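User: Could you walk me through this structure with a few questions and answers? I would like to start with how its parts meet.

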Amino acid sequence: MKTTEKNEIVQLFESHFNEKVERFELLPPSGSYRQYCRLGNEHRTVIGAINNDVKENTAFLSFSNHFYNKGIKVPKVYAVSSDLKKYLLEDLGNTTLFEFLTKTREEEGFSENIISVYKKVLQALPKIQIIAGKEMDYSVCYPREAFDKQSMMWDLNYFKYYFLKLAKIHFDEQALEDDFQLFSNYLLSASSNYFLYRDFQSRNVMLKDDDVYFIDYQGGRLGALQYDLASLLYDGKADIPESVRAQLYDFYISELKKYMKVDEEKFSAYFKGFVLIRIMQAMGAYGFRGFYEKKEHFLKSIPYALKNLEVLLSDLRLPVDLPELTSVLKQLTHSEVLKEIGQKKSNLTVRITSFSYKKGYPEDPSGNGGGHVFDCRAINNPGRYEEYKKLSGKDMSVQEFLEQKSEIRLFIDAVKVLVDQSVKVYLERGFTHLSLGFGCTGGQHRSVYSAEKIGEYLQNNYPVNVVVVHREQENWR
C-alpha cells in the first residue's frame, strides 16, 4: 500500500468517526488486486479497502447496502470516499469458514461441528439467491448483468488459455471450441432469474459470534441457483468428503423447498454441469495466478481441483455430447505432474521474532538453527519519548515516527537484500524452516515494526508460511 493511499484511508476514518487512528495493520493479500487494512483505536476497529476499479466498488457497495437492509449478514458500510476508490467496513474478525474448517478438521476430522456451520451457510444461501435477489439493482453488476453466454465463454476460454495451454495439455482448438458452445448453450437452458453470488466459497464466509457472515460478492449477477451451491460444495482446498457433500446437497434442497417448488431430477442434472464449469473457472484462476503470475501458493489448489474433477467425471451424464472437452478433462485427471505441482517449494515456514536484548536471544523451536538476527538498536528509539512509551511498533504514531524521524527505511531495505538471498536458496533446496530475529532495547517499538514489515514483505512476494511472534508483547499474528 502506498503512503498516499494509507494516509487517505486514515483520513476517511478520522473524518467519518471524528476520532484519531491509533492502530494500522496491512492485511495479507488475497486473490484480487484489492488491498485491505485494519485500522482503529481503543473505541473501534474497522476494515479499510482500497480498489481503483470504481465499477467493481459500485457493485459491491450497492449489494452490501441491499443485503444489509434485507437482514443478510454482511459487513456494514461505514464510509465511502468521494472518488469511490476507498471505503470502510465493519470488522468481522479473522476467522473464515476455511480457517475454522482447517483447524477443526485437524483435531476432529470432518466433524458434526463443521457440518453444522456449513448448514448455517446453506440456510442463508436461498435467502440470498431468492429473497434478497428479487429487488436487487442488477444495473450495477460488473462486468456483466447476468451469467450469460458471454460470461460462460470468458470462463471457458480463461480455463483454456491460462490452464490448459500453460499446463501443456494437448487439444484440438476447433473441436474444443465447438464443445464449449454446446456446453454453454445447455447451461443457459437452466432457470437463471436468481442472484448468483459468483464466488460462494469457504474463504468468503466469516464466522463471528456463532453466526455466519458473507463477503466478496462484488461479482454477483443474475444466474442459476446451482452455480453457488457448486462453488461451495466443490471448493477445492476445503476438500469436503463425498458423503458429506451428498448430505449437504440434500440439506440445501430441503431449504430451497421452503421458498419454491423444486424438480429434484432436473435440478440435479444441471447441478453437475455447473459444477464442471465452476471447476474449470477455478482452474483458470489457479493457472493465471500460479503459472502466469508465478504466485506459487495458488498452485496448491490444483491437486484438490483435479480430485474433484475425477469424482465428477466418474458419474457425469449430460444430455450433450462433448468428446473433446471430455478428452481434455481426462488428460488432466491422469497427469501426475499436475497432481504434484502444488506440493513443490511450498513447505518453507519463516518464523520472525521481535525481542528485547535484555532478555536474551529468541529460541528457534524448529531446531533448524538457520537464519539471521538483526540489531535495531542503532535506529532512533521512539521509546525515549514519553508519548510513545506505552505504545508499540504496531501503533500508527510509532510507525510514523520511525518512518519520518529515523533511518528505518534504509535498515529494512538492507535486511530485504539478505533475507531475499536466504529465502530463495531455502526454497530451491527444499528447506522447511528459516528464523529471523529483530532485537532492540525493549522489544517494543523498533523490533516490532521491523518484524511486521518483513513479514508483510515475505507474505506478498514468496510462497512461504510466515509466522510473526512479538515475544515481549505476547502477541502472535
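User: How many residue pairs are in polar contact across the interface of domain 1 and domain 2?
Analyst: Happy to help, and please keep in mind that this is a predicted model. The domain assignment places residues 3-57 + 69-90 in domain 1 and residues 97-340 in domain 2. Counting pairs with both residues at pLDDT 80 or more, the rule finds polar contacts across this interface in six residue pairs.

User: Which classes of residue make up the side of domain 1 that touches domain 2?
Analyst: Domain 1 brings 15 residues to the contact, and domain 2 brings 19 residues. By class, the domain 1 side holds five nonpolar, three polar and seven charged residues.

User: How many salt bridges does the rule find across the interface of domain 1 and domain 2?
Analyst: Take Lys73 and Asp211 as a salt bridge to look at: their closest N and O atoms are 3.7 Å apart. That distance falls within the 4 Å cut-off for a salt bridge. Across the interface of domain 1 and domain 2, the total found is four.

User: Which three residues supply 37% of the area that domain 1 buries against domain 2?
Analyst: Domain 1 and domain 2 together bury about 1400 Å², with 54% of that on carbon and sulfur atoms. On the domain 1 side, no other three residues supply more of the buried area than Lys70, Ile72 and Lys73.

User: What share of residues 55-253 is helix?
Analyst: An unreviewed UniProt entry annotates this range as "domain: Aminoglycoside phosphotransferase". The end C-alpha atoms of the range are 34 Å apart. Strand makes up 12% of residues 55-253, and helix makes up 50%.

Conventions
Residues numbered from 1 in each chain as written. Predicted model: local features only at pLDDT ≥ 70, side-chain atom pairs only at ≥ 80, totals over all residues. Heavy atoms only, no water. Domains from an automatic or database assignment. Contact = heavy atoms within 4.5 Å. Buried area = accessible area lost by both parts, 1.4 Å probe. Salt bridge = Lys/Arg side-chain N within 4 Å of Asp/Glu carboxyl O. Polar contact = N/O pair within 3.5 Å; in protein donor to acceptor, adjacent residues only side chain to side chain. Nonpolar A, V, L, I, M, F, W, Y, C, P; charged D, E, K, R; others polar. UniProt positions renumbered as here; feature names shortened; annotations may be inferred. Helix = DSSP H or I, 4+ residues; strand = E, 2+ residues; numbered from the N terminus.
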